[in-house]
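Student: I would like to understand how the terms used for a protein structure follow from their definitions. May we go through them one at a time?

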Amino acid sequence: MQGTVDGFSYGAVTPLVAYLMACLGGALGLRCTTRSLLVTHSRRPAWLALGSAAIGSGIWTMHFVAMMGFTIVETPIHYDAPMTYGSLGLAIVMVGVGVFIVGYRGATGTPLFTGGTITGLGVASMHYLGMAGMRFHGQFTYDTPTVAASVVIAVVAATTALWAAGQVRGFLWSVGASLVMGLAVSGMHYTGMAALGVHLDSSAPTPGTAPEVSSLAPMLIGPLAFLLLAGVVVVFDPLMVVGGPDWRPVEHKAGVPAAAVTPHGDRRPTLHRGRRPIGRPEHQPSRTPQNR
């Protein structure tokens, strides 16, 4: 028996809020990735990890906000918590792999293609693993070509976003890229949902309703709190907002020993006790007897 699906039980509210969540996670992740390209190598992993977690959390939150409006008319829906949280972990890990590749190898050529592909596959895997965590009296079926199209959208969106992060063109550039990324990720989500079919069990179905907000809200609290924290980090780091270079004294930069560099602020020569500069021996008269 085929089930009747409604993906917009609350009208345009859930798609709009889901899109905003995808944009928020994308904006924070892109700014963190951009910031990582402007700091020393010792601090780069922390920024890349923060960016990966922001992107993964934003996409995951987008998915389940959108799923609040998903209904199977003939049967109620429940969620398997371990698998649902597992989809969050999978998204963060796979996005992290792609982000780290671009962060260390650059946002061009093979590194960009590899990082974008892995990140896009992480987004798609999160979506379908999250769908696998749904429990109801039946099972899902998928249209293979439409699923393939959703994966392609995810890979293209991720590659474009990572390329934008590598351009380091300032805050407005990243905002625009995050808006495009949010649109692409939302498009991937609803393309995947368009591939969905519901086959109900032969047992007598019960009337279905949209998943109760109370059942999904506890799952969303953690990722939403993390996105808020990441947003605070962005607000209080001016260099991350404006995308300017991290100007540091040369002796503090990676790969340059501090002892090997003379500070630029003090170019006066060191003096002996007799007030004579070191390193610039003055011409002294020859003590060799002169021929007379």
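Student: How do you know that helix 3 has the span expected of a helix?

Tutor: Helix 3 covers residues 81-105, which is 25 residues. The expected span is 1.5 Å times one less than the number of residues. For helix 3 that expectation is 36 Å, and the distance from its first C-alpha to its last is 36 Å, so the two agree closely. Helices themselves are DSSP runs of H or I with at least four residues, strands are runs of E with at least two, and both are numbered from the N terminus. Please note that this is a predicted model, in which local features need pLDDT of at least 70 and side-chain atom pairs count only at pLDDT 80 or more, while totals for chains, interfaces and linings use all residues. Residues are numbered from 1 along each chain as its sequence is written, and side-chain values use heavy atoms, with hydrogens and water left out.

Student: What lies at the two ends of helix 3?

Tutor: At the N-terminal end, D80 acts as a cap, with a side-chain oxygen 3.0 Å from the backbone nitrogen of M83. A polar contact is a pair of N or O atoms within 3.5 Å; within protein, one must be able to donate a hydrogen and the other to accept it, and residues adjacent in sequence count only if both atoms are side-chain atoms. Helix 3 is followed by G106, which has a positive phi near 105°.

Student: Why is T33 called buried?

Tutor: Buried means under 20% relative accessible area, exposed means over 50%, and partly exposed lies in between (1.4 Å probe, protein chains only). T33 has 2% relative accessibility and therefore counts as buried. This residue belongs to helix 1 (residues 13-36). Contact means heavy atoms within 4.5 Å; beyond its neighbours within four places in sequence, T33 is in contact with L48, V99 and A165.

Student: What makes A107 buried?

Tutor: Its relative accessible area is 11%, so A107 is buried. A107 sits in the loop between helix 3 and helix 4. Although A107 and L162 are 55 residues apart in sequence, their C-alpha atoms are 6.6 Å apart in space.

Student: How many disulfides does the structure hold?

Tutor: The structure holds zero disulfides. A disulfide is a pair of cysteine sulfur atoms within 2.5 Å. As for accessibility, C23 is buried, with a relative accessible area of 8%, and C32 is buried at 1%.

Student: Which residues touch the most other members of the largest nonpolar core?

Tutor: A nonpolar core is a set of buried Ala, Val, Leu, Ile, Met, Phe, Trp, Tyr and Cys residues joined through side-chain atoms within 4.5 Å. The largest one has 51 residues, and I59, F70, I72, Y79, M134 and F140 touch the most other members. Helix 2 gives the most to this core, with nine residues.

Student: Why is strand 6 described as largely enclosed?

Tutor: Four of its five residues are buried, so strand 6 is largely enclosed by the rest of the structure.

Student: How do you know that strand 5 and strand 6 pair?

Tutor: Two strands pair if DSSP finds at least two bridges between them. Five bridges join strand 5 to strand 6, so the requirement is met. The two strands run antiparallel, and F140 stands opposite V198 in strand 6.
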